[in-house]
Amino acid sequence: MPQNIGFQLSRVPRLWRAVLDRRLAPLGLTQTRWITLYHLWRLGDGQPQCDLARAIGVEAPSLVRTLDQLSEQGLIERRGCDQDRRTKRIFLTDEATPLLQQIDAVVNQARAEMLAGLDADDVAHLTSLLSRIEENGLAIQAREAQE
């Protein structure tokens, strides 16, 4: 088994984000802002703030500052939840739509370039392998949390 596979697995996402960060910088977006907007767009409007944080992989309090900034930019709105007054749901504004379309175009172009030379079967196989590795990692975490 190759000894450097762990390094490769950690390097690829960093490279991917670096390409996207550089290409999205002219839109005035930091990594945390575009990732938050993109996840909310993909998940759908009205996500509870804690669910959005979980999907992004950050703690809910860490997301608050980013949401404040996006709100100041007029890109999101926070609304109370009818069922739980402590919960805030996050909604994209109409002003976010053209920006999200630009983000999507940049993401799709970067994906095509990053996956250049791989056919659909290669990508499907890669996705399957990465899913298996992720499942293994989650199983290790769950097991070690119980020890």
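How many residues does H5 have, and how far does H5 reach from its first C-alpha to its last? I put this to the model, which is a predicted one, and found that H5 has 19 residues and reaches 26 Å between those two atoms, close to the 27 Å expected at 1.5 Å a residue.

**Entry 1: the whole chain**

Before going further into H5 I looked up the overall layout, and I counted six helices and three strands in the chain, which run α-α-β-α-α-β-β-α-α from the N terminus on. The C-alpha atoms fill a box of roughly 50 × 45 × 25 Å when this is taken along the principal axes. Of the 147 residues, 26% count as buried, and the accessible surface comes to about 10,100 Å², with 52% of that belonging to carbon and sulfur atoms. I also looked up how contacts are spread along the sequence, and noted that among those between residues at least 6 apart, 53% join residues at least 24 apart.

**Entry 2: H5 and its buried residues**

I then went back to H5 and listed its buried residues, which are Ala96, Leu99, Leu100, Ile103, Asp104, Val106, Val107 and Ala110. These buried residues pack against helix H1 (5-24), helix H2 (31-43) and S3. I stopped at Asp104, a residue of helix H5, and asked whether it is buried or exposed. Asp104 counts as buried because its relative accessibility is 16%, where the cut-off for buried is under 20%. Leaving aside residues up to four places away in sequence, I found that Asp104 touches Tyr38, Trp41 and Arg42.

**Entry 3: the loop before H5**

Next I looked up Thr93, which lies in the loop between strand S3 (88-92) and helix H5 (96-114). Thr93 has a relative accessible area of 9% and is therefore buried. Its side chain reaches the backbone oxygen of Gly74 at 2.5 Å, and, not counting residues up to four places away in sequence, Thr93 touches Gly74, Leu75, Ile76 and Glu77.

**Entry 4: H4 and what follows**

Gly74 led me to helix H4, since I had noted that Gly74 follows H4 and has a positive phi, near 75°. H4 (residues 60-72) has 13 residues and reaches 19 Å from its first C-alpha to its last, close to the 18 Å expected at 1.5 Å a residue. Its buried residues are Leu63, Thr66, Leu67, Gln69 and Leu70, and I found these packing against H2, helix H3 (49-56), strand S2 (76-80) and S3. I set this beside my entry on H5, whose buried residues also pack against H2 and S3.

**Entry 5: a nonpolar patch**

Last, I turned to the surface and asked which residues make the nonpolar patch of about 450 Å². The patch is made by Ile5, Leu9, Leu118, Leu126, Leu130 and Ile133, and the elements that give two or more residues to it are H1 and helix H6 (120-145). H6 gives the most, with three residues. I looked up Ile5 on its own, found its place in helix H1, and recorded it as partly exposed because its relative accessible area is 37%, a value to be read against limits of 20% for buried and 50% for exposed.

Notes. Residues numbered from 1 in each chain as written. Predicted model: local features only at pLDDT ≥ 70, side-chain atom pairs only at ≥ 80, totals over all residues. Heavy atoms only, no water. Helix = DSSP H or I, 4+ residues; strand = E, 2+ residues; numbered from the N terminus. Buried < 20%, exposed > 50% of the residue type's maximum accessible area, 1.4 Å probe, protein only. Polar contact = N/O pair within 3.5 Å; in protein donor to acceptor, adjacent residues only side chain to side chain. Contact = heavy atoms within 4.5 Å. Expected span 1.5 Å × (residues − 1). Patch = residues over 30% accessible without salt bridge, like charges linked within 9 Å, V, L, I, M, F, W, Y side chains within 5 Å. Areas by Shrake-Rupley, 256 points an atom, 1.4 Å probe, with all protein chains shown as cover. Salt bridge = Lys/Arg side-chain N within 4 Å of Asp/Glu carboxyl O.
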